[in-house]
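Notebook open, model loaded. I want to see how two of the chains meet, then check a couple of spots elsewhere.

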There are 6 protein chains.
Amino acid sequence: MTVPVGTVGVVVQNIERCDQQIIDGLADCGVATVHEAQGRKGLLAEYMRPIYSGARIAASAVTISAPPCDNWMIHVAIEQLKQGDILVLAPTSPSNAGYFGDLLATSAAVRGCKGLVINAGVRDVRDLTEMGFPVWSKTVFAQGTVKETLGSVNVPVVCAGALVNPGDVIVADDDGVCVVRREEAEDVLGKARAREANEAVKRARFEAGELGLDIYDMRGRLAAKGLTYV
Amino acid sequence: MTVPVGTVGVVVQNIERCDQQIIDGLADCGVATVHEAQGRKGLLAEYMRPIYSGARIAASAVTISAPPCDNWMIHVAIEQLKQGDILVLAPTSPSNAGYFGDLLATSAAVRGCKGLVINAGVRDVRDLTEMGFPVWSKTVFAQGTVKETLGSVNVPVVCAGALVNPGDVIVADDDGVCVVRREEAEDVLGKARAREANEAVKRARFEAGELGLDIYDMRGRLAAKGLTYV
Amino acid sequence: MTVPVGTVGVVVQNIERCDQQIIDGLADCGVATVHEAQGRKGLLAEYMRPIYSGARIAASAVTISAPPCDNWMIHVAIEQLKQGDILVLAPTSPSNAGYFGDLLATSAAVRGCKGLVINAGVRDVRDLTEMGFPVWSKTVFAQGTVKETLGSVNVPVVCAGALVNPGDVIVADDDGVCVVRREEAEDVLGKARAREANEAVKRARFEAGELGLDIYDMRGRLAAKGLTYV
Amino acid sequence: MTVPVGTVGVVVQNIERCDQQIIDGLADCGVATVHEAQGRKGLLAEYMRPIYSGARIAASAVTISAPPCDNWMIHVAIEQLKQGDILVLAPTSPSNAGYFGDLLATSAAVRGCKGLVINAGVRDVRDLTEMGFPVWSKTVFAQGTVKETLGSVNVPVVCAGALVNPGDVIVADDDGVCVVRREEAEDVLGKARAREANEAVKRARFEAGELGLDIYDMRGRLAAKGLTYV
Amino acid sequence: MTVPVGTVGVVVQNIERCDQQIIDGLADCGVATVHEAQGRKGLLAEYMRPIYSGARIAASAVTISAPPCDNWMIHVAIEQLKQGDILVLAPTSPSNAGYFGDLLATSAAVRGCKGLVINAGVRDVRDLTEMGFPVWSKTVFAQGTVKETLGSVNVPVVCAGALVNPGDVIVADDDGVCVVRREEAEDVLGKARAREANEAVKRARFEAGELGLDIYDMRGRLAAKGLTYV
Amino acid sequence: MTVPVGTVGVVVQNIERCDQQIIDGLADCGVATVHEAQGRKGLLAEYMRPIYSGARIAASAVTISAPPCDNWMIHVAIEQLKQGDILVLAPTSPSNAGYFGDLLATSAAVRGCKGLVINAGVRDVRDLTEMGFPVWSKTVFAQGTVKETLGSVNVPVVCAGALVNPGDVIVADDDGVCVVRREEAEDVLGKARAREANEAVKRARFEAGELGLDIYDMRGRLAAKGLTYV
């Protein structure tokens with residue numbers, strides 16, 4: 001069932017998810033490669049940074065549209081989590097508040113949640129780091145939230161500049177966060193793997209001292225554009 | 001003695017400080033819990049970030065009101081430090097300059113200073129990290145400062161959006177920085193410990209797989225607000 | 001040969017570089033000291049941050065003036081690298097795109113490149129960290145670039161607010177990035193070493209508990225300015 | 001026909017548009033009222049500001065997904081304009097470049113275009129102001145663009161944080177920019193007019209000196225929450 | 001009666017205000033002069049900008065401490081307004097929401113309110129401009145707010161980096177916003193008028209072609225510092 | 001005589017300036033056209049905005065390298081002004097302070113100064129607007145400055161990301177600020193006029209309803225790149 005972006009007060013309980021093998025394959029490829037493989041689309045804004053270095057994951061998005069400074073819907077969303085999901089929270093108005101901390105992470109992790117992407121703040125980051133619960137957020141801020149106003153769960157959201165549908169695949173690592181349409185994930189994985197194979201060949205040539213100018217045969221085109229060596 | 005915010009050219013030598021046990025107790029609780037326990041007030045702006053991860057401290061504020069790009073008053077303030085204090089510097093006009101580095105940290109640490117909170121820049125961060133001297137700052141920047149214009153020491157300051165009186169308790173960790181009024185610190189500690197005890201119970205329930213929806217008895221109120229499951 | 005800032009479509013192949021011993025000496029001193037020693041000039045903007053902590057380098061600048069979101073000129077620049085150089089990329093219009101990743105780093109490292117300073121984005125930061133290839137950048141972003149438009153290599157550039165000529169010495173560490181004119185590098189090194197020697201003496205006095213107020217003989221001047229102790 | 005967000009290289013020629021009377025009605029109501037009437041959704045980011053004050057328009061969106069710093073697709077989009085449309089340009093990567101100036105405005109205006117919403121830069125703003133061609137943009141910047149890479153026209157775009165489908169109604173005035181789903185526009189207009197009628201009544205009561213506390217009957221609820229008068 | 005910064009749920013009904021002649025005098029002097037006259041303190045952050053040019057006012061502050069994205073307390077505050085007051089709203093957590101529009105302005109104006117200073121957003125700016133109701137705000141944004149959570153009225157607040165007590169004098173014009181302690185206002189006015197008189201003399205000399213170098217007798221001190229003419 | 005960027009304590013008294021007819025010609029063309037004509041270089045950062053709309057000027061740069069929050073050098077620079085010059089101030093460290101107000105403008109205007117470009121703050125903007133003294137600045141802020149530390153006058157400076165040599169031509173209007181090398185100004189003017197002539201022809205064709213797709217013969221190249229109409 002399809003619900004419009006911005007719908008308030010709805011929880012969609014049954015969403016389709018990708019095959020786990022596709023998701024795992026996308027995690028192996030990482031954000032930069034997946035983003036290139038799908039035609040340079042799907043990146044969230046560059047201000048979305050991990051709370052600690054080294055995590056690289058892919059997971060199915062359980063989306064949360066939340067009012068500013070109100071984290072009530074996270075509790076609602078956690079019930080909808082299945083093993084291998086990731087929470088994706090987009091506030092309906094800009095907020096830096098710390099919507100999420102170690103208690104919510106504990107609850108989410110018990111249900112198999114692999115992390116959180118949030119276009120707002122997060123707190124308890126030392127605990128989250130110790131738990132190995134990765135978060136990509138706009139900021140870190142201890143500011144508390146209220147539980148007063150409804151949002152929605154598993155509706156399409158615009159998060160940090162990217163449209164995320166429930167069930168889309170989120171790929172996240174130290175380079176940022178990328179969303180892959182569920183329907184396109186298998187195709188994107190194929191292209192990403194081809195890209196990786198190609199990069200392995202290129203890497204060997206670079207390591208052997210060849211130049212990109214020659215590997216990619218750029219000299220003629222540069223000269224045609226008028227590049228002058230002095 | 002009380003001196004107004006913004007007073008220039010004054011050093012207040014005798015300030016009252018909290019009992020050390022209260023301060024240590026607040027350190028144990030950490031920023032997020034203390035901030036909640038005192039009614040969600042007292043947070044400095046979210047751009048105040050630690051130069052390295054993992055430090056969690058509480059200390060009595062020795063405040064510095066300093067002109068932009070002028071660190072002269074830090075030397076004056078260091079003489080006023082007692083064991084267990086923290087320096088809190090607020091420039092009187094926005095500045096990114098690096099007011100503080102490893103020499104000043106050496107001098108402050110000798111006098112028992114536990115760290116620095118500065119709404120401006122800091123430098124020599126590699127040395128400070130090796131020394132284990134924690135700093136929460138607006139930025140890291142090597143830009144030097146001058147010693148030309150007076151400010152004040154131990155007057156009330158507005159630092160990163162929060163009013164800090166000399167002798168107030170500063171709590172700081174990876175989630176940011178929070179100020180607790182000296183007069184309220186004992187009461188806040190009591191509430192923070194109660195909050196921690198409550199969280200320990202909740203954590204066990206979350207770990208056992210219970211949902212926040214049930215632990216906090218939210219389902220009825222959500223339904224009353226009109227939340228619809230589809 | 002001198003080429004104006006902003007010249008498009010030119011690669012200067014022979015640039016003068018500093019003596020390696022001078023460069024190594026500047027690396028030992030670090031950004032904060034070198035910046036002070038040359039009269040507080042030469043710092044790049046404070047938003048230029050390292051992708052990992054702990055690197056401290058100095059190297060000769062091979063400069064790149066690149067169109068926004070177009071990394072073609074990096075391939076051209078790599079051919080111009082000599083052992084001990086650093087790439088310095090300034091886009092001709094603001095850009096957050098990820099111009100540089102692990103393949104380019106592999107190629108640059110093979111030719112002896114010590115790192116990258118880029119007033120734009122970088123990606124593959126986990127790989128770069130594992131390689132030990134340091135980068136100071138405005139942001140981390142996976143966004144890809146094109147190879148369509150000419151820029152220049154080894155022309156003067158304005159990078160993050162500082163003028164960088166090819167062959168100038170770049171000093172970079174956790175405090176940021178500083179540029180030293182090639183012609184002034186030997187003189188700056190002398191002043192930086194003198195400053196370090198002086199700081200070692202001061203550090204010993206601070207460690208012994210002396211105050212800056214006394215070490216720098218500030219009390220009289222503070223009193224003359226009207227500082228009042230209450 | 002529906003094309004996914006992020007599709008590259010496609011021009012959708014036939015899009016559905018709202019009835020002109022509905023569009024005109026939404027213009028009369030303005031951004032703040034329309035945004036409230038549709039449940040507080042649809043606002044573009046607050047950094048989207050008009051180049052001059054006083055314009056208030058509504059129009060059907062002809063969307064442009066454009067590469068960073070490349071305005072080629074605007075020429076393609078202008079051919080798709082019908083009387084009463086507005087151009088909505090979202091770059092695929094953040095850009096401040098000046099994609100649009102007086103020549104393009106001349107061409108668009110000839111075809112009945114009512115303005116431009118662009119999550120990037122605009123230039124020739126003095127000419128545009130004299131022409132009475134309103135633009136809401138992220139910035140004003142003279143930086144030129146290239147014509148090298150394809151984007152798309154009339155595909156869904158995420159512009160300044162909001163999803164915009166071709167044919168959706170854009171309402172824009174001094175308070176910012178709001179998008180109304182084409183399918184919801186008639187319903188939203190009804191609610192907006194009801195809201196306006198209600199506001200007219202309220203305004204008269206405010207002008208007569210009544211307080212919101214009484215008009216909205218807030219005193220009891222405030223007291224129940226614990227508000228104390230001292 | 002004094003209430004601490006950050007107190008929640010309190011309305012202080014009787015506040016002291018300055019003599020109207022003093023307030024009017026400060027308005028005549030304007031922000032830059034008043035700020036200088038009181039020792040360069042009291043400025044709110046530079047991002048606080050007027051919604052239209054040309055207003056210059058001074059007024060007694062009726063302060064509002066409001067939760068993020070919740071404008072309930074404005075209704076409470078309006079009841080506390082007396083002729084010649086200004087509303088000063090500081091959110092307890094950063095917010096861009098549009099707390100205030102033409103209906104609230106109508107209500108406030110009826111009670112003699114001279115304007116609004118708000119460290120958040122404002123909307124209906126076209127109407128406010130037509131009404132001649134000046135607002136200095138962090139941003140303009142149509143985003144609506146809720147009425148769910150208590151704040152306080154006439155407690156001290158930190159607004160855009162400055163401490164504002166109820167009854168302090170707010171001076172605001174095209175240069176920004178400055179707060180003057182109520183107790184210091186008469187003294188500051190005296191200094192500001194002296195400064196204005198002095199500036200009138202200086203202006204005449206400048207208009208006659210004299211240089212600041214001579215008027216302020218700077219040449220000797222510049223030479224002593226080592227300024228060299230080449 | 002040539003002085004390096006960053007030289008402190010020097011006033012260069014004799015600088016070369018462009019022919020006035022060339023300068024006037026560049027003013028007629030405006031920023032966007034001049035920037036394009038010289039190969040899309042020379043723009044200052046997009047945050048440099050005019051304090052009022054409608055000014056369009058060109059003038060010879062008298063440059064000021066000033067310490068942060070210290071406006072002493074402006075007095076020195078004013079003595080160096082000749083009829084038709086513009087002041088260009090670059091702080092040596094980021095600053096928002098209000099370096100310049102109506103008294104300095106009076107003094108500068110008496111000497112024939114046409115305006116100010118400042119990568120910092122300005123104040124007294126209402127007076128400056130009434131005087132018709134245009135300023136392009138990073139911000140408007142009443143914050144005062146000191147007169148303690150030397151800078152330089154008429155040395156090369158990096159201002160808002162662009163290198164400006166004394167005597168270079170500054171072109172500034174509502175689109176921003178552009179610098180033209182003095183040596184290149186005549187050539188750039190020629191190209192700018194050619195560009196204007198060409199634009200006049202294009203404008204007539206656009207007004208007649210022709211499309212850019214046809215005027216610039218783009219259809220074939222778009223098709224070759226794979227653009228698809230659906």
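Before I start calling salt bridges, the cut-off I'm using: a side-chain nitrogen of Lys or Arg has to lie within 4 Å of a carboxyl oxygen of Asp or Glu. Also a reminder to myself that this is a predicted model.

**Entry 1: charges between C and B**

I looked up B:Glu79 and found it in a salt bridge with C:Arg219, with the closest N and O atoms 2.9 Å apart. That pair qualifies because the cut-off is 4 Å. I then asked how many salt bridges there are between chain C and chain B. The count came back as four. For polar contacts across the interface of chain C and chain B, I got 15 residue pairs, both partners at pLDDT 80 or more.

**Entry 2: which parts of C face B**

I sorted the side of chain C that touches chain B by element. Helices H2 (31-37), H6 (185-207), H7 (212-215) and H8 (219-225) of chain C, plus strand E12 (228-229), each put in at least two residues. H6(C) gives the largest share, five residues. By residue type, I noted 14 nonpolar, six polar and 15 charged on that side of chain C.

**Entry 3: extent of the contact**

I pulled the contact lists: 35 residues of chain C touch 37 residues of chain B. The area buried between these two chains is about 3,200 Å², and carbon and sulfur atoms give 59% of it. Which three residues of chain C supply more of its buried area against chain B than any other three? They are C:Glu46, C:Asp175 and C:Val230, with 19% between them.

**Entry 4: a strand pair across the chains**

I followed E12(C) over to chain B. Strand E1 of chain B (residues 10-11) is joined to E12(C) by two bridges, and the strands run parallel. Opposite C:Tyr229 in E12(C) I found B:Val11.

**Entry 5: C:Ser107**

Next I clicked on C:Ser107, which sits in helix H4 of chain C (residues 102-110). Buried or exposed, I wondered about C:Ser107? C:Ser107 is buried, because its relative accessible area is 2% and the limit is under 20%. Leaving out residues up to four places away in sequence, C:Ser107 touches A:Phe206, A:Glu210 and C:Ile78.

**Entry 6: a helix in F**

Last stop was helix H3 of chain F, residues 72-79. I found this helix mostly covered, with seven of its eight residues buried. Among the buried ones I jotted down F:Trp72, F:Met73, F:Ile74 and F:His75.

How values were computed
Residues are numbered from 1 along each chain as its sequence is written. Chains are lettered from A and ligands numbered from 1 in the order in which they are written. This is a predicted model: local features need pLDDT of at least 70, side-chain atom pairs count only at pLDDT 80 or more; totals for chains, interfaces and linings use all residues. Side-chain values use heavy atoms; hydrogens and water are left out. Contact means heavy atoms within 4.5 Å. Buried area is the accessible area (1.4 Å probe) that two parts lose on being put together, summed over both. A polar contact is a pair of N or O atoms within 3.5 Å; within protein, one must be able to donate a hydrogen and the other to accept it, and residues adjacent in sequence count only if both atoms are side-chain atoms. Helices (H or I, at least four residues) and strands (E, at least two) are DSSP runs, numbered from the N terminus. Ala, Val, Leu, Ile, Met, Phe, Trp, Tyr, Cys and Pro count as nonpolar, Asp, Glu, Lys and Arg as charged, and the others, Gly among them, as polar. Two strands pair if DSSP finds at least two bridges between them. Buried means under 20% relative accessible area, exposed over 50%, partly exposed in between (1.4 Å probe, protein chains only).
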